[in-house]
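Here is a short guided tour to read alongside the sequence and the 3D view. Keep both open and follow along, heading by heading.

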Amino acid sequence: MRPFLSLLGESKALDAASAGKRVLAGVRGLPALARRKVGVKPLLPREVDDKLVPPAWRKAVYANPDLPQGAVDRDAYVVCVLEQLHRALNNRDVFAAPSHRWSNPRARLLDGPDWDAVEEDVLAALSLDMPVTEHLAELVRGLDAGWKQLATRLEEAGPAAKVSIEVAGDGRVKLNVDKLGALGKPKSLTWLRQRVGKMLPKIDLPDLLFEVNAWTGFLDAFVHLGDGTTRMKDLPTSVVALLVSEACNIGLAPVVNPGYEALTRARLVHVDQYYLRADTIAAANARLIAAQAGIPIVRYWGDGLLASVDGLRFQVPVRTINAAPSPKYFGFKRGITWLNAVNDQVAGIGQMVVPGTPRDSLHILDALLNLDGGVKPEMVATDNASYSDMVFGLFKILGYNFSPRFRDLDDQRFWRATMPGVETSNYGAVEDLARNRVNLNKVITHWPDMLKVAGSLVTNQVRAYDLLRMFGRDGRPTPLGAAFAEYGRIAKTEHLLRVVDPVDDTYRRQMNRQLTVQESRHKLARDVCHGKRGTIHQAYRDGMEDQLGALGLVLNAIVLWTTRYIDAAVAQLRAEGHEIPGEDIARLSPLKHRNLNLLGRYSFTAQVPAAGALRPLRDPDAPELDEDDDGAVQE
């Protein structure tokens, strides 16, 4: 590290908030320490900042047996300070400017005239335009009603309750919840699925995209980067070829046709550069989402107010700073996570690419705040996501019902809330479970700042991921972070009370059904993105986002095509006199794709050189070469 210490310590790009000024001062002193000849003049404790040395580092820094008594291990101290710098950068206590990823999120929060200009509209849209005491009183009454309902239903259900309360030897109260059994599959549903599956036409992926375009015109959303209007001859053909190339991860070679102008390599490279990008993909996606919502059969599946967000992980074998290690998912490799939001109408409504680390779930809110289309979901289901109280608070203030599926449901902490002027009562059998109290005074104190955070998020001034890292500080929340945590405990407890309902498991089944839809969509995505063993070979974030954005667009096109034909099949069956219950239609899925050919077709028309001749060798200096072994285009 020594060659880089002078660059790091003397950089003008680094700055710090109050919590990071000591760390930054320590970093500024590292170049001098690196140049010092400690063998001649040992480093003494008074010459270093003792408060930058945590307990885990004290032995290494101050007790090296190979150094003179009382001397500081210079190298250990340097690494210790750099570790503190890394932590401070993650918490955004030290930040870089100019930078998007490592900048100071505090500086981007709305304040002053900027906040005054949007405050009224933002608060009205989020239903937060009432005084904080009235808002909290409403939440307290709702939570109180939830506790009363749990106590009443537990008493009425008796031994048949799906929930039981257990008091441990140390006085802790635990809630035991029965596992959710699978729903039965009636014969009528089995018959309907088989019948509809056999009725769906067989089709190749390119033909499917052309047909969906004939219905929706979604390919018209791909406009030129320059003036936004330029259209070239046979542009839809070029775009479809690129969508198949990107979504199936097969490169350009299988879709290039030198004898057809719209499919020449030069044309495809041009269209890829000037037409296929994030904003045009989002615009095309919006048309597909709207078309999906308009198909009659979709009303049996949902109204778009329930969504799920989950990540699909891809290994990235090329060198890039946009991938991250995750031993759980990538072993010794690095990868990315394609985070996508899917509503209960089986439409992908939003997506983003994040490094494939275990904490990528903190990006969920950012994905929801940048949807391509569809109505804003009210309930958001996730699978074992990051479910800290602070996360619940941010979701709640933005109008979402955050509904993660807990892995350790039995060990969750429940909360009760009280405030002057709001009557609450005893909760009977679950009174001991509700012994933890929410501190609403923290929320009231920081409410104006909490509203500014909400306004900054919905207007895309700052990323939720950066705020969560800034509020957290390794388990020691800032005062504003603690206020969000207290606020989130109300929403978290309401979610838990619905999950552990001793009589009605509709809420849990609703969550599980939506998460099953998400998993099925991911399986379809794996089948579509089959080339290069499903690994992504893009080195730059823009390339990753464009490729996986194309994958999401193709998935929505497949779902729309299948949904429309399922609707036609059900209509025909009813016209033939079959009685088809709505409950069975609700369990049909447009994610089945046995009728869809994703692997292309091969030509067996013999094209061989004349007898005794060979095919001409390629010119190695030609500008248009095929992809190399790694799948990257040579330039």
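## Overall build

Let's begin with how the chain folds back on itself. Among contacts in the protein chain between residues at least 6 apart in sequence, 72% join residues at least 24 apart. The chain carries 21 helices and 14 strands, and its C-alpha atoms fill a box of roughly 90 × 75 × 50 Å along the principal axes. Of its 635 residues, 48% count as buried.

## How far to trust the model

Please keep in mind that this is a predicted model. The mean pLDDT of the protein chain is 88, and 94% of its residues reach 70 or more. Among the elements, helix α12 (residues 278-293) has the highest mean pLDDT, at 96, while strand β4 (residues 173-177) has the lowest, at 74.

One stretch calls for care: over residues 628-635 the pLDDT is below 50. Beyond near neighbours in sequence, this stretch has eight contacts in the model. Where pLDDT is low, the predicted coordinates should not be read in detail.

## Helix α12

Does the length of α12 agree with its residue count, and what span should we expect? With 16 residues at 1.5 Å each, α12 should span 22 Å, and its end C-alpha atoms lie 23 Å apart, which agrees.

The buried residues of this helix are T280, I281, A284, N285, L288, I289 and Q292. An α-helix has 3.6 residues a turn, so residues three or four places apart point the same way. What covers the buried residues of α12 includes α9 (205-216), β9 and α20 (541-575).

## A salt-bridge network between α15 and α18

The structure holds 20 salt bridges. Side chains of opposite charge can pair when their charged atoms come close. One such pair is R489 with D389, whose closest N and O atoms are 2.8 Å apart. This pair links distant parts of the chain: R489 sits in helix α18 (residues 479-499) and D389 in helix α15 (residues 389-397), 100 residues apart. Both R489 and D389 are buried.

D389 also meets K492 in a salt bridge, at 3.3 Å from N to O. Here again distant parts of the chain are linked, with D389 in α15 and K492 in α18, 103 residues apart. Both D389 and K492 are buried. Which residues make up the network of salt bridges here? The linked residues are D389, E486, R489 and K492.

## A pair along helix α19

For another setting, look at K523 and D527, whose side chains meet in a salt bridge at 3.5 Å, N to O. The two are four residues apart in helix α19 (residues 506-528), so about one helical turn separates them.

Are these two residues buried or exposed? K523 has a relative accessible area of 51%, so this residue is exposed, as the cut-off is over 50%. D527 has 29%, so this residue is partly exposed.

## D73, a buried acid

D73 lies in the loop between α4 (55-62) and α5 (74-90). Although buried, D73 has no salt bridge. The nearest side chain of opposite charge belongs to R74, 6.4 Å away. A salt bridge needs the nitrogen and oxygen within 4 Å, so R74 does not qualify as a partner.

What does the side chain of D73 reach instead? It reaches the backbone nitrogen of D75 at 3.2 Å. Leaving aside neighbours within four places in sequence, D73 is in contact with A60, V61, N64 and L67.

## Two loop residues with positive phi

Most residues other than glycine have a negative phi, and most peptide bonds are trans. V346 has a positive phi of about 65° although it is not a glycine. Its place is in the loop between β8 (334-343) and β9 (348-355). With 5% relative accessibility, V346 counts as buried, because the cut-off is under 20%.

N460 is also not a glycine, and it has a positive phi of about 60°. You will find N460 in the loop between α16 (440-458) and α17 (464-472). At 46% relative accessibility, N460 counts as partly exposed.

Definitions and conventions. Residues are numbered from 1 along each chain as its sequence is written. This is a predicted model: local features need pLDDT of at least 70, side-chain atom pairs count only at pLDDT 80 or more; totals for chains, interfaces and linings use all residues. Side-chain values use heavy atoms; hydrogens and water are left out. pLDDT is the predictor's confidence in each residue, from 0 to 100. Contact means heavy atoms within 4.5 Å. Buried means under 20% relative accessible area, exposed over 50%, partly exposed in between (1.4 Å probe, protein chains only). Lys and Arg count as positive and Asp and Glu as negative; His and the chain ends are not counted. A polar contact is a pair of N or O atoms within 3.5 Å; within protein, one must be able to donate a hydrogen and the other to accept it, and residues adjacent in sequence count only if both atoms are side-chain atoms. The expected span of a helix is 1.5 Å times one less than its number of residues.
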